[in-house]
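Reader: Please take one part of this structure and go through it closely, and then relate what you find to a few other places in the chain. I would like one connected account that I can follow residue by residue.

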Amino acid sequence: MDENAAVESRDVVKVFGAGESALRALDDVSVVIRRGEFFTLLGPSGCGKTTLLRCIAGFETPSSGTILLNGRDITAEPPNRRPVNTVFQSYALFPHLTVAENIGFGLEMQGKPRAEVGATVEKMLALVKLEAFASRKPQQLSGGQQQRVALARALAPAPEVLLLDEPLSALDLKLRKEMQGELKRLQHETGITFVFVTHDQEEALTMSDRIGVMEDGRLLQVGAPREIYNRPVNRFVADFIGETNFLKGRLAADGIHLASGEWVGAPDQARGGGERGGEVTLAVRPEQVRIEAAGDAGSLAATVTETVYSGTDTHCHMRLADGTEIVARLQSPPSGDVGLAPGAEVGLRFAEGAVQVLGD
């Protein structure tokens, strides 16, 4: 047993329905979430991340397997017996109560003394920077302010673990980015273990200490954001986390080659799956693609097909001689024009160590 584990899922399976219509929402999921970390479950809709969160909360019971909280088996315990709180996508604030009353509601239900409730509410209001809004009703607040009230209400009873089920998805882009910073600050200041569910890769990379990537009820990879982004274990993870160029290649004694024969990486860069001489899938992030003058020694010949300006970056779409599509992400100059017109002949080179050999 990991002594630093706040939450542990051991071989958890969750099946909905029976017979041919049965859905295996969780497929033998095992993961350790450490005390005091911001852990994110990331994956597309229907991958099982919310089902796992609901099993931790007690809203779902695993078909098999075990859920532990600080080393204690809580698999069969009802939600109200678990020292965890949940913040949902819908904030579910009581419209007839003030902000202060909403925050203190859970404490009052626990029978806490009025003085303790009042002191905790004041502390939570300060934590989420809503002291001036204590007497307002939820309908008088913005979406971001309502989100903070929901967080304060969940944090007020000092849960051992806070579960967050896509709580930012209803906010507009600018406010969502602001709240990402607020959530990370709150987690850091309280020291409470946060388990965050999202399908948004940027949210996961920005806020998390570690990320667990899920697909079809399976946990594919767990690691720090940099590890997940730079060393994905397979094509799904590489494709889901950010943008990626995929190429066909092979491994040889002298390193990595494209299927067309060009050398693109040294032997010690051949991380991942595949056997020497066999066909493999290669991945290169767009920001690791370098554009040079056509004909430069060691570069790959390519033709520009399109450039897409997106503010700080410009995406340059190119085609290799064998028809393979490649995208390079370039920093946009002050003029916004990178000087690469469709039809231009260029040379490509990949940054050292950028070519990854993916597993199945």
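Author: The buried residues of helix α3 are covered by parts that include α2 (99–109), α4 (143–155) and α5 (173–190), and this helix is the part I shall look at closely, bearing in mind that the model is a predicted one. Helix α3 runs over residues 114–127, a stretch of 14 residues, and from its first C-alpha to its last it reaches 20 Å, close to the 20 Å expected at 1.5 Å a residue. The buried residues of α3 are Val117, Thr120, Val121, Met124, Leu125 and Leu127. When one looks down the axis of α3, these buried residues fall within an arc of 155 degrees, so they line one face of the helix. The spacing can be followed from the general geometry: an α-helix has 3.6 residues a turn, so residues three or four places apart point the same way. On the face of α3 turned away from the buried side are the exposed residues Ala115, Glu122 and Lys123. Just after the helix, Lys129 takes a positive phi of about 60 degrees.

Helix α1 can be set beside this. It spans residues 49–57 and is mostly covered, seven of its nine residues being buried; these are Lys49, Thr51, Leu52, Leu53, Cys55, Ile56 and Ala57. Just after α1, Gly58 takes a positive phi of about 100 degrees.

The aromatic side chains come next, and the structure holds five aromatic pairs. In one of them, the rings of Phe38 and Phe196 have centres 5.7 Å apart and planes at 50 degrees, so this pair is tilted. Because Phe38 belongs to strand β3 (residues 38–42) and Phe196 to strand β8 (residues 193–198), the pair ties together parts that are 158 residues apart in sequence. Phe38 is buried, with a relative accessible area of 0%, and for Phe196, also buried, the value is 0%. For the rings of Phe236 and Phe240, the centres are 5.7 Å apart and the planes lie at 10 degrees, so that pair is stacked. Phe236 and Phe240 are four residues apart in helix α8 (residues 235–240), and are therefore separated by about one helical turn. Phe236 is partly exposed at a relative accessible area of 22%, whereas Phe240, at 14%, is buried; the cut-off that divides them is 20%, since buried means under that value. Phe38 and Phe196 also join Phe194 in one aromatic cluster.

Two arginines face aromatic rings as well. The charged end of Arg235 sits over the ring of Phe246, 4.0 Å from its centre, and the charged end of Arg285 sits over the ring of Tyr229, 4.0 Å from the centre of that ring.

Finally, there is a single strand residue to consider. Thr303 has its place in strand β16 (residues 300–309), and with 25% relative accessibility Thr303 counts as partly exposed. Leaving aside residues up to four places away in sequence, Thr303 touches His317, Met318, Arg319, Gly343, Ala344 and Glu345. Between the C-alpha atoms of Thr303 and Ala341, which are 38 residues apart along the chain, the separation is 9.7 Å.

Terms used:
Residues numbered from 1 in each chain as written. Predicted model: local features only at pLDDT ≥ 70, side-chain atom pairs only at ≥ 80, totals over all residues. Heavy atoms only, no water. Helix = DSSP H or I, 4+ residues; strand = E, 2+ residues; numbered from the N terminus. Expected span 1.5 Å × (residues − 1). Buried < 20%, exposed > 50% of the residue type's maximum accessible area, 1.4 Å probe, protein only. Arc of directions from axis to C-beta. Contact = heavy atoms within 4.5 Å. Phe/Tyr/Trp six-rings, centres within 6.5 Å; stacked < 30°, edge-to-face > 60°. Lys NZ or Arg CZ within 6 Å of the ring centre and 35° of its normal.
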